[in-house]
Amino acid sequence: KASACAKDTKPFQSFSPHTDPMGLAILGNRLYISEFGAATAPRVVSIPLGGGKAQIEVSFPKGRNVVGLGTSGGWVYVAEIAASKTKLGAIYRFKP
């Protein structure tokens, strides 16, 4: 019954299948989300805290996967996992 769910909390934001959010952080009035990159290219998107359309902040080439996200001092930090012994992981930062 639809009425049974009427009191449930509504989603703040919906994502397409297999988006795989891996990290969340707030900076200013935006929520930053790192997307792993299983079905799409890995990337960092941001959404206004009041709701609204997601904005792509940084994209990475397909085949690289991001796993974490943090903010400090006005910077957004995002971590990429190592793909192999020769393709090492990295931490990137950007100022929105």
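The following exercises, each with a worked solution, concern a predicted model of a protein.

**Exercise 1. Overall composition**

Determine how many helices and strands the protein has, and describe its overall extent and burial.

Solution.
Step 1. The secondary structure consists of zero helices and seven strands.
Step 2. Along the sequence this gives the pattern β-β-β-β-β-β-β.
Step 3. Along the principal axes, the C-alpha atoms of the protein fill a box of roughly 55 × 30 × 15 Å.
Step 4. The protein has 96 residues, of which 25% count as buried.
Step 5. Its accessible surface comes to about 6200 Å², and 58% of that surface belongs to carbon and sulfur atoms.
Step 6. Among the contacts with a separation of 6 or more, 29% are made by residues 24 or more positions apart.

**Exercise 2. The four-stranded sheet**

State in which order the four strands of the open sheet are arranged, and which of them are edge strands.

Solution.
Step 1. The order is β1-β2-β3-β4, with antiparallel pairing.
Step 2. Strands β1 and β4 (55-59) are the edge strands, each pairing on one side only.
Step 3. From one strand to the next, the twist averages 25°.
Step 4. Strand β1 (residues 21-27) is joined to β2 by six bridges in the antiparallel sense; in this pairing, Ile-26 has Leu-31 of β2 as its bridge partner.
Step 5. The hairpin of β1 and β2 has two residues between the strands, and Gly-28 there takes a positive phi near 65°.
Step 6. The antiparallel pairing of β2 with β3 also runs over six bridges, and Ile-33 stands opposite Val-45 in β3.
Step 7. Strand β3 (residues 43-48) pairs with β4 over four bridges, again in the antiparallel sense; Val-44 stands opposite Val-58 in β4.
Step 8. In the hairpin of β3 and β4, six residues lie between the strands, and Gly-51 takes a positive phi near 95°.

**Exercise 3. The three-stranded sheet**

Explain why β5 and β7 each have one side without a neighbour in the sheet.

Solution.
Step 1. Three strands form this open sheet, in the order β5-β6-β7, and the pairing is antiparallel.
Step 2. Because β5 and β7 (90-94) stand at the edges, each has a single partner strand, and one side of each is therefore left without a neighbour in the sheet.
Step 3. On average, neighbouring strands of this sheet are turned by 20° against each other, direction ignored.
Step 4. The antiparallel pairing of β6 and β7 extends over five bridges, and Ala-79 has Ile-91 of β7 as its bridge partner.

**Exercise 4. The largest nonpolar core**

Identify which residues make up the largest nonpolar core, and which elements give two or more residues to it.

Solution.
Step 1. The core has nine residues in all: Ala-25, Tyr-32, Val-44, Phe-60, Val-66, Leu-69, Val-76, Val-78 and Phe-94.
Step 2. The elements that give two or more residues to this core are β5 (66-72) and β6 (75-80).
Step 3. Grouping of this kind fits a general tendency: in soluble globular proteins, nonpolar side chains tend to be buried together.
Step 4. Consider Leu-69 as one of the core members. Leaving aside neighbours within four places in sequence, Leu-69 contacts Gly-23, Leu-24, Ala-25, Tyr-32, Ile-33, Ser-34, Val-44, Val-76, Tyr-77 and Val-78.

**Exercise 5. Glu-35 and Ser-72**

Classify Glu-35 and Ser-72 as buried, partly exposed or exposed, and describe the surroundings of each.

Solution.
Step 1. Glu-35 lies in strand β2 (residues 30-35).
Step 2. The relative accessible area of Glu-35 is 2%, so this residue is buried, the cut-off being under 20%.
Step 3. The side chain of Glu-35 makes a polar contact of 2.7 Å with the side chain of Arg-43.
Step 4. Not counting residues up to four places away in sequence, Glu-35 touches Phe-15, Thr-19, Asp-20, Thr-40, Pro-42, Arg-43, Val-45 and Val-66.
Step 5. Ser-72 belongs to strand β5. Its relative accessibility is 46%, so Ser-72 counts as partly exposed.
Step 6. Ser-72 and Leu-27 are 45 residues apart in sequence, and their C-alpha atoms are 8.4 Å apart in space.

Terms used: Residues numbered from 1 in each chain as written. Predicted model: local features only at pLDDT ≥ 70, side-chain atom pairs only at ≥ 80, totals over all residues. Heavy atoms only, no water. Core = buried A, V, L, I, M, F, W, Y, C linked by side-chain atoms within 4.5 Å. Buried < 20%, exposed > 50% of the residue type's maximum accessible area, 1.4 Å probe, protein only. Contact = heavy atoms within 4.5 Å. Polar contact = N/O pair within 3.5 Å; in protein donor to acceptor, adjacent residues only side chain to side chain. Pairing = 2+ DSSP bridges. Axes fitted to C-alpha atoms, helices over the stretch in contact; angles between N-to-C directions. Areas by Shrake-Rupley, 256 points an atom, 1.4 Å probe, with all protein chains shown as cover.
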